[in-house]
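Please work through the following exercises with the sequence and the coordinates at hand. Each task is followed by a solution in steps.

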Amino acid sequence: MDPARPSGEAQDVAAETLSEFLVLMEYEGDWLATAVNGELVHREDRFNRSLNDNDRIEILSPMQGG
């Protein structure tokens, strides 16, 4: 995650779908795992997953290392 992006802080983003949110926040890649309100949203469902006020969106990415 980009350290300049707040983690766990509320942000207002004008997006109607999870896919649109990811584009607006400049998250790209098939390697992302996403959840809305604690519910996993599969990659193929991001275009259909509408967002509502106060939804909690979690974006996870794999870490390299050992």
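The exercises below proceed from the overall fold to single residues.

**Conventions**

The model is a predicted one, in which local features need pLDDT of at least 70 and side-chain atom pairs count only at pLDDT 80 or more, while totals for chains, interfaces and linings use all residues. Residues are numbered from 1 along each chain as its sequence is written, and side-chain values use heavy atoms, with hydrogens and water left out.

**Exercise 1. Determine the secondary-structure elements of the chain and their order.**

Step 1. Apply the assignment rule: helices (H or I, at least four residues) and strands (E, at least two) are DSSP runs, numbered from the N terminus.

Step 2. Under this rule the chain contains one helix and three strands.

Step 3. Read from the N terminus, the elements follow the pattern α-β-β-β.

**Exercise 2. Establish the strand order of the sheet and identify which strands stand at its edges.**

Step 1. Two strands count as paired if DSSP finds at least two bridges between them.

Step 2. Strand β1 (residues 33-36) is joined to β2 by three bridges, and the two run antiparallel. One of the pairs matches Ala35 with Leu40 in β2.

Step 3. Four bridges connect β1 to β3, again in antiparallel fashion. Here Thr34 lies opposite Ile59 in β3.

Step 4. The result is an open sheet of three strands in the order β2-β1-β3, with antiparallel pairing. Because β2 (39-41) and β3 (57-60) each have a single partner strand, they stand at the edges, and one side of each is left without a neighbour in the sheet.

Step 5. From one strand to the next the twist averages 30 degrees; axes are lines fitted to C-alpha atoms, for helices over the stretch in contact, and angles run from 0 to 180 degrees between N-to-C directions.

Step 6. The link between β1 and β2 is a hairpin with two residues between the strands, and Asn37 in its turn has a positive phi of about 55 degrees.

**Exercise 3. Describe the surroundings of Ala33.**

Step 1. Ala33 belongs to strand β1.

Step 2. Its relative accessibility is 30%, so Ala33 is classed as partly exposed; buried means under 20% relative accessible area, exposed over 50%, and partly exposed in between (1.4 Å probe, protein chains only).

Step 3. With contact defined as heavy atoms within 4.5 Å, and leaving aside residues up to four places away in sequence, Ala33 touches Arg46, Glu58, Ile59 and Leu60.

Step 4. Between Ala33 and Leu60 the C-alpha to C-alpha distance is 5.0 Å, although 27 residues separate them in sequence.

**Exercise 4. Identify the largest nonpolar core and the element that supplies its largest share.**

Step 1. A nonpolar core is a set of buried Ala, Val, Leu, Ile, Met, Phe, Trp, Tyr and Cys residues joined through side-chain atoms within 4.5 Å.

Step 2. The largest such core has 11 residues: Ala15, Leu18, Phe21, Leu22, Met25, Tyr27, Leu32, Val36, Val41, Leu51 and Ile59. Helix α1 (residues 18-24) provides the largest share, namely three residues.

Step 3. For Leu22, not counting residues up to four places away in sequence, the contacts are Tyr27, Leu32, Thr34, Arg46 and Ile59.

Step 4. Ser19 is also found in helix α1 and is buried, at 13% relative accessible area. Beyond four places in sequence, Ser19 touches Arg46 and Phe47.

Step 5. For the chain as a whole, buried residues make up 27% of the 66 residues.

**Exercise 5. Locate the salt bridge and state the accessibility of its arginine.**

Step 1. The criterion is a side-chain nitrogen of Lys or Arg within 4 Å of a carboxyl oxygen of Asp or Glu.

Step 2. A search of the whole structure returns one salt bridge. The side chains of Arg49 and Asp55 form a salt bridge, with an N to O distance of 4.0 Å.

Step 3. Arg49 is partly exposed, with a relative accessible area of 22%.

**Exercise 6. Are the loop residues Glu26 and Asn54 buried or exposed?**

Step 1. Glu26 lies in the loop between α1 and β1. Although Glu26 is not a glycine, its phi is positive, at about 65 degrees.

Step 2. Asn54 lies in the loop between β2 and β3. Phi of Asn54 is also positive in a residue other than glycine, near 70 degrees.

Step 3. Glu26 is exposed at 63% relative accessibility, and Asn54 is exposed at 78% relative accessible area.
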